[in-house]
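Biologist: I am new to this structure and would like a close look at a single part of it, namely one strand and its pairing, before you set that part in its wider surroundings. Please take your time and go through it in one connected account.

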Amino acid sequence: MSSFRLVRRYLGKHKVRSGLTIASLVVALFLLCMLRSLVVALDAGVRGAKRDRLVVQSAVSLFVDLPQSYQAKIAAVEGVQTLCKWQWFGGRYGDEDAFFAQFAVDMDQLNDLYPEVSLVEGSWADVAADRRGCLVGRSLAKQFDWKVGQTVPLLATIFPAPDGGAWEFTVRAIYEPTSSAVDGNTMFFHWNYFEETVKASFGEAPGTGTYFLRTAPDADQVAIAASVEQLFENGPQRVSCSTEAEFQAQFVSMVGNVPFFVSAIGGGVLIAIVLACINTMLMAFREQLHDAGILKAVGFTDGSVAGMMLTQSLLLCGIGGFGGIALAKLSEPGLRAALGSMFPGYEVTSETLLLATGLTLAIGLVAGVMPALRARALRVVEALRSVE
Amino acid sequence: MLVPLSYTLRSLFVRRSATLLTVLGIGATVAVLAGVLALRAGFTSLFVQNGRDDVAVFLRQGATSEGESGITRETCDRLIKTLPQIAKSGGPEGAPLAAMECYLAVRRNKADGSGETNVPIRGVQAASLAIRGDSFRFTEGRALQFGADEVVVGRKLVDRIENCRLGDVVQLNTTPFRVVGIFECDGPFESEIWGDFERMLVALQRPVANRVVAKLNPEIVGDEYDAFAAMLADGSTYQDLKVKVFTERAYLESMTGALATTLLALSIGLSVIMGLAATFTATNTMLSAVASRTHEIGILLSLGFRPFPIFLSFLFEALVLGLIGGAVGCLLALPINGIETGTTNFATFTEVAFAFRVTLPVLGGAITFALALGLLGGAVPAWRAARLAPTEALRRR
C-alpha cells in the first residue's frame, strides 16, 4: 500500500471530522476571496482609466457646478478632441426609492469619449432620435427588468420636474461595458432634455458637474490640464483638471480606512481557520500514534511517517481551500449583480485566486508541521504502548 | 441525577490543547463580530444620541439631505418670520431662534497624505450658535466673528485634514478664510468647518441657502409636532414655502440609515458565515471529546446515570467552550474602544470621524453569539454521547 493511499484512508476513516474541517475551509477561503474582491472592486475605476481622458471639475467641491460658458473655452484649448458635459442627476426609482447612478450627458459625444460603452440592444441612432431616450447598463436593466422601449419614471431629489412629478425617460438602448472604466449600473440621458426641463423648473439653465474630455493621441496631457486650470484661475469657479485615474482615485480615498477594516476582518477569519485546522490535525495525530509506531516498526523511515502527516494536512486543506476558491469564482456573477451599484467592479481577479491558493497551502503547512515533527520524533516503543 | 459539573470542567482542562485551540478560534470569530458592531455603535450613537427633538430642520420638498436641498433667501426669511412654532429669544417679542445655513462638501486633502476626502463646510448665522447653547464650546482660539473671512474648525478635523490648525488658511474658490478657532460640539458637527453664512455664499458663488434650522417652541412636541409637519407637507396654509420639516434627531437618523444598515448587514453576514466555520470546529472538538471518553460514558451509564443528564453534561461542556471563547473575543475587541476613525457617509458624501464604541449591547451580542456557537457545535456530539449503549461503550478503552 502506497503511503498516499494510506493518507487518503486516514482522512476517509473520520468522515465527519474531515467533512467538517473541509467545510470550514470552504467557508473561510470563500470569505477571504470575497473580502479581497470587495477591496479590489473599489479600485475598478482607477484600473480601467485611460491616459488620454481628462476630467474638469470644480476645485472646491464635487457638488459645485461649473458654468456652461466654460464649454467653449475648454474646447478651444489645443489638443482637446472630444468634450462631454456630465451632470449627476440623483433620481430615485420605484416604490422603494431605489438608487442608482444617472447622468445627463452630451449623448453625441459619449461614444467618442468612452468606446468602452458597447451597445448590446438598440442603437446610438435610436437613442439620438428620442429626446427622452436613455441608455442603461445591462445589469441595471436586468435588476429592474427593463426592456427597450419601456418608460422609466424617476423622482428627482436635486432637480424637481416643473409639475413636481416624476421625470420620464424611455429606454432606447442597453450597453455592456467592455472595461472597468465604465460602470454597468448607470443610466445616461440627453443633456438637452435635462437642460430644457430644468429651465422650465428653475427659470435658468443648469450648470455642468464635470466636463470629460479626450485629448488628441499625441497631445501633452499635463500641458492641457495646466492650461485648462489656468483659464479659470480668477473665477468665477476655479477648476481642477485631472487625469481620469486621479479623478477616480478621489472616490477611492474617500472610503477612508475601510480597506484596513476589511483586512482586519480577513485576519480574524484566517486566524480562526488556522486554529481549526491545527486542532483537527492534532486530533488526527493522537489517534494515529499507535499506527505510526507500527509503521516505524515495520521499517518506514522517520521522514516518511512525518511526510504522511504533512500530506494529510495538505490534502485536507487543499480540498477545502480549493473548494472555497472555486465557490468564490463561481459566485462572482451572482454577487456582482447582488452588490449592484455599491461595488460595480466586483471581480475575483486571478491575483486574488493566486493569493488564496498560497494561503491554502500555507494553512496546510502550518497545521501539518507540528504533528509531522512529533511523528518524526516518535519512539517506536512509546508509540506501540499507546492505545487509540 | 445530573453529572457533576466538576467532571465537565475537568475534562476541558485535561484536553487543554484542543480546548485552547477551539476557544481561540471562537474568540477570533467573536472579536470580528464585536469589532463591526462597535464600529456601528460608534457611528450611530454619534448621530442619533446627539440629535435633538426641539430643533427643527427645514429642507426643500423632495430633498433627502441638506446637500440636495436649496431654499431661496426670500423663502427662508418668510419661513423664519411667519411660522409661530419657532421659538423666540427672550420672550414673544424677541428675534426668532432660527438661522439660514448653507452646506457644501468641499474637497480637502487628508493630513496623512492618503489622498482627498470631502469635508462639510457650513455657513452659519448667529442663531445657529444660539440654538446649540452650551453644547457648542470653543476650545482653542476665539469665537467666530460674523462678517469676516474667517472660519472655526471642528475638533475632530484638526489632525485629520490639511490646513485645519489654528492660524491656517482654508482656501474656498478664490477667497482665503483664516482659521481663528477650534470648537467642540456633540454630534457630527465636530467633523465640520463653520463660517459666516453671508461670506460663504459670496465665496462659493451660491445664491441660496441649503436649510433653515430653528428651535421649536416647547409645546411643539408629539401630536403638535406631527400636525405642524403635516400642515407644511400639504401646503394649503403656506403654499409658497414648499419645505419639509424634520426634527434634528429624525434628520440625523435618516443620514445614518444607509451606512448603519450596511454595517448591520455586514455583521450579520459575517457572523453567519464565520459562525458556520466556528460551529464546525466546536463540533469537531466535542466529537473528539466524546470519542476519547467513550469508556467513561460507559461507566457513567452503568453507574445509573440516565442518557439525558449525559446529554446535558456534554452540551454544558460545549457552552463553557463557547462562553470562554466569547470572553476571549470580547477581551480582544476591548482595546479598539475609543479608537477614532473616519469614513465617508454616502448619504451626505462627506467624511465623518467617529470612535469605535464597545458598548454593553455590543458585548452582550458577542457573548450571545459565542454561546450560540457552543450550543450548535455541542448538540450533535452530546446527542451521540447520550445514545451510546453501555456495553458497547465499556468495551472501548
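Modeller: In this predicted model, Val151(B) has Val179(B) as its bridge partner in S7(B), and this pair is a good place to begin looking at strand S5 of chain B, which covers residues 150-154. Strand S7, residues 175-185 of chain B, is joined to S5(B) by five bridges, and the two strands run parallel. A further strand, S8, made of residues 193-196 of chain B, is joined to S5(B) by three bridges, but here the strands run antiparallel; in that pairing Ile193(B) of S8(B) stands opposite Val153(B). In a regular strand, side chains alternate between the two faces of the sheet. As for burial, five of the five residues of S5(B) are buried, so the strand is largely enclosed by the rest of the structure. For this purpose a residue is called buried when 20 or more other C-beta atoms lie within 10 Å of its own.

The confidence of the prediction can be set beside this picture. S8(B), the antiparallel partner of S5(B), has the highest mean pLDDT among the elements of chain B, at 94, whereas S11(B) has the lowest, at 79. Over the whole of chain B the mean pLDDT is 87, and 100% of the residues reach 70 or more.

Moving outward to the chain that holds the strand, chain B contains eleven helices and twelve strands, and buried residues make up 48% of its 397 residues. Among the contacts in chain B with a separation of 6 or more, 83% are between residues 24 or more positions apart. The radius of gyration of chain B is 30 Å, where a compact globule of 397 residues would have one near 21 Å, and its C-alpha atoms fill a box of roughly 95 × 50 × 30 Å along the principal axes.

Chain B also touches chain A, in a contact that takes 50 residues from chain B and 47 residues from chain A. On the side of chain B that touches chain A, the elements giving two or more residues are helix H2 (16-48), strand S2 (98-109), strand S3 (116-124), helix H7 (248-292) and strand S11 (340-345). H7(B) gives the most, with 13 residues, and the residues of that side divide into 21 nonpolar, 24 polar and five charged. For the complex, the predictor gives an ipTM of 0.79 and a pTM of 0.81.

From the side of chain A, helix H10 (residues 244-254) offers a view of how the two chains meet, with Glu244(A), Phe247(A), Gln248(A), Gln250(A) and Met254(A) buried. Seen down the axis of H10(A), these buried residues fall within an arc of 135°, so they line one face of the helix. What covers them includes H3, strand S1 (53-58) and strand S12 (239-243) of chain A, together with S3, S11 and strand S12 (350-355) of chain B. Just after H10(A), Gly256(A) takes a positive phi of about 65°.

Notes. Residues are numbered from 1 along each chain as its sequence is written. Chains are lettered from A and ligands numbered from 1 in the order in which they are written. This is a predicted model: local features need pLDDT of at least 70, side-chain atom pairs count only at pLDDT 80 or more; totals for chains, interfaces and linings use all residues. Two residues are in contact if their C-beta atoms, placed from the backbone, lie within 7 Å. Helices (H or I, at least four residues) and strands (E, at least two) are DSSP runs, numbered from the N terminus. Ala, Val, Leu, Ile, Met, Phe, Trp, Tyr, Cys and Pro count as nonpolar, Asp, Glu, Lys and Arg as charged, and the others, Gly among them, as polar. A residue is buried if 20 or more other C-beta atoms lie within 10 Å of its own, exposed if 12 or fewer, and partly exposed in between; C-beta atoms are placed from the backbone. Two strands pair if DSSP finds at least two bridges between them. The arc is that of the directions from the helix axis to the C-beta atoms. pLDDT is the predictor's confidence in each residue, from 0 to 100. The radius of gyration is taken over C-alpha atoms; the globule rule is 2.2 Å times the number of residues to the power 0.38.
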